[in-house]
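The following exercises are to be worked through with the sequence and the model at hand. Each task is followed by a solution in steps.

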Amino acid sequence: MTLAIILTIIIIASVAFHFLNPWTLTELASNWASMDAMLHISFAVTGLVFVAVSAFMVLAIVRYRHRPGHKAEFSPDNRRLEWWLLGLTTLGIIALLAPGLVVYYDFIRTPEDSMEVEVVGEQWRFSYRYPGEDGTFGTSDVRLVSSDNPLGLDPDDPAGHDDIIVVGGDLRLPVDQPVKVLMRAKDVLHNFFVPQFRAKMDMVPGMVTHFWFTPTSTGEFEVICAQHCGVGHYNMRGSVRVMEPEAFDEWLQAQPTFGDMLAELEDREEEDPQIARGRTIADQEGCFACHSVDGSRRVGPTWLNLYGSEVTLVDDTTVIADEAYIRRSITDPRAELTQGFPPAMPAYDFEDDVMDALVAYIRSLAQDSPDETEETAPDHASPEPDDQALRR
Ligand SMILES: [Cu+2]
């Protein structure tokens with residue numbers, strides 16, 4: 001009997017909790033009200049089944065409890081009851097699944113007048129691409145991905161030259177304009193999710209997935225990666241800004257195109273080969289997954305203006321990020337952890353010339369790098385290389 005009472009309380013409390021709890025869905029900011037309808041249908045179906053099954057248990061406990069003179073009866077088959085159960089279960093499953101098929105069909109069938117935007121996921125940030133004036137994306141290939149060409153666009157494809165690339169910044173979209181979102185991933189599974197749009201989809205290396213939506217209110221919304229993708233997953237966020245169409249057009253006009261980026265690269269050809277080598281090494285070693293060079297925050301501190309700056313460590317002491325400090329941070333990153341960053345960096349054991357190139361590159365990213373300190377020639381004697389040789 002006690003059990004029957006406890007079960008009854010659980011049924012009433014669960015239903016009451018569903019209707020009285022203070023947590024609600026985020027405000028809808030897209031055309032996908034049908035996603036919410038599906039959620040409510042699922043709640044209704046699973047809720048009804050939960051109440052029915054629990055109530056049946058209460059009934060069975062009360063009605064068939066042990067009483068003197070009452071004998072149990074063995075009844076292995078009941079055809080009629082089985083047909084009923086089969087029929088009701090089938091209806092319940094159909095009610096759960098069918099609306100999803102209908103809405104999903106809509107979700108991936110893009111309207112004719114949609115604009116296209118590409119979202120690229122990587123450990124651990126989102127980047128975006130707009131097709132530019134010609135309305136066509138240039139071809140891309142993972143083999144072309146580098147720090148200078150973060151989305152791997154083909155420089156020989158003229159359709160790509162007017163493409164606009166936004167690396168690690170905000171996705172901007174005009175309000176009330178259907179958008180087809182094309183998604184790809186550079187390394188592992190990610191998932192592009194904006195709760196207010198009720199739109200999310202996996203980003204899978206080697207394929208392009210897509211969905212569409214129409215943003216219906218202006219404002220800023222958070223993008224989150226909804227697929228566990230490594231140690232920096234928690235920090236893989238971004239934002240979407242939905243703007244008035246005029247403001248959006250104005251912003252888009254002002255963005256540099258892939259062609260502009262290529263031109264800038266040519267200008268850089270004449271730079272110090274040591275710095276160029278450092279950049280290539282940093283790219284190959286995957287440093288940019290955690291360290292930005294544009295000042296944006298990632299898993300690790302940005303390299304922009306790091307050299308020569310004062311760094312606050314976890315124990316509240318400060319240290320100047322000079323050459324010795326940068327070398328120590330690479331060979332023994334946990335010894336002097338920067339405040340506000342997780343101990344996520346593995347120790348690296350580079351050859352001296354690799355280290356020199358990296359230091360030269362990081363130094364070149366500091367605009368007011370103290371030029372009076374010694375030049376970074378590969379075989380310039382600082383005590384550090386010997387130290388590392390000993391550690392090896
Ligand atoms: Cu991710």
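**Exercise 1: An unusual peptide bond**

W124 is located in the loop that connects β1 with β2 (125-130). The model is a predicted one.

Task: Determine which residue is joined to W124 by a cis peptide bond.

Solution. Step 1: The bond to inspect is the one between Q123 and W124. Step 2: Its omega is about 0°, and the peptide bond is cis.

**Exercise 2: Positive phi outside glycine**

Task: For D176 and D316, establish the loop in which each lies and decide whether each is buried, partly exposed or exposed.

Solution. Step 1: D176 belongs to the loop between β4 (171-174) and β5. Its phi is positive, near 60°, although the residue is not glycine. Step 2: Inside 10 Å, D176 has 14 C-beta neighbours. A residue is buried at 20 or more such neighbours and exposed at 12 or fewer, so D176 counts as partly exposed. Step 3: D316 is found in the loop between β11 (310-312) and β12 (318-320). This residue, likewise not a glycine, has a positive phi of about 75°. Step 4: With 7 other C-beta atoms within 10 Å, D316 is exposed.

**Exercise 3: The sheet containing β1**

Task: Give the strand order of the open sheet that contains β1, and identify its edge strands.

Solution. Step 1: The five strands follow the order β3-β2-β1-β5-β8, and their pairing is mixed. Step 2: β3 (164-167) and β8 (209-213) each pair on one side only and are the edge strands. Step 3: From one strand to the next, the twist averages 20°. Step 4: Within the sheet, β1 (residues 115-122) and β5 (residues 179-185) are paired in the parallel sense over seven bridges. V120 stands opposite R184 of β5.

**Exercise 4: The sheet containing β9**

Task: Describe the open sheet that contains β9, and name the helix that packs on it.

Solution. Step 1: This sheet has five strands in the order β4-β10-β9-β6-β7, again with mixed pairing. Step 2: Its edges are β4 and β7 (199-203), each of which pairs on one side only. Step 3: Neighbouring strands are turned against each other by 20° on average, direction ignored. Step 4: β9 (residues 219-225) and β10 (residues 237-243) pair in the antiparallel sense over six bridges, and F221 has V240 of β10 as its bridge partner. Step 5: Helix α4 (residues 245-253) packs on the sheet and touches β4 and β10, its direction making about 135° with that of β4.

**Exercise 5: Packing of α2 and α3**

Task: Classify the relative direction of α2 and α3, and characterise the residues of their contact.

Solution. Step 1: α2 (residues 33-63) and α3 (residues 79-108) pack at about 175°, with axes 10 Å apart. Step 2: Angles over 145 degrees count as roughly antiparallel, so α2 is roughly antiparallel to α3. Step 3: α2 contributes S34, M35, M38, I41, S42, V45 and V49 to the contact, while α3 contributes G92, A95, L96, P99, G100 and V103. Step 4: These residues comprise nine nonpolar, four polar and no charged.

**Exercise 6: Overall form**

Task: Decide whether the protein is more spread out than a compact globule or not.

Solution. Step 1: The protein comprises nine helices and twelve strands. Step 2: Its radius of gyration is 29 Å, well over the 21 Å given by the globule rule for 392 residues; the protein is therefore more spread out than a compact globule. Step 3: Along the principal axes, the C-alpha atoms fill a box of roughly 100 × 55 × 35 Å. Step 4: Of the 392 residues, 23% are buried.

Notes
Residues are numbered from 1 along each chain as its sequence is written. This is a predicted model: local features need pLDDT of at least 70, side-chain atom pairs count only at pLDDT 80 or more; totals for chains, interfaces and linings use all residues. Two strands pair if DSSP finds at least two bridges between them. Helices (H or I, at least four residues) and strands (E, at least two) are DSSP runs, numbered from the N terminus. Axes are lines fitted to C-alpha atoms, for helices over the stretch in contact, and angles run from 0 to 180 degrees between N-to-C directions. Angles under 35 degrees count as roughly parallel, over 145 as roughly antiparallel, 65 to 115 as roughly perpendicular and the rest as oblique. Two residues are in contact if their C-beta atoms, placed from the backbone, lie within 7 Å. Ala, Val, Leu, Ile, Met, Phe, Trp, Tyr, Cys and Pro count as nonpolar, Asp, Glu, Lys and Arg as charged, and the others, Gly among them, as polar. The radius of gyration is taken over C-alpha atoms; the globule rule is 2.2 Å times the number of residues to the power 0.38.
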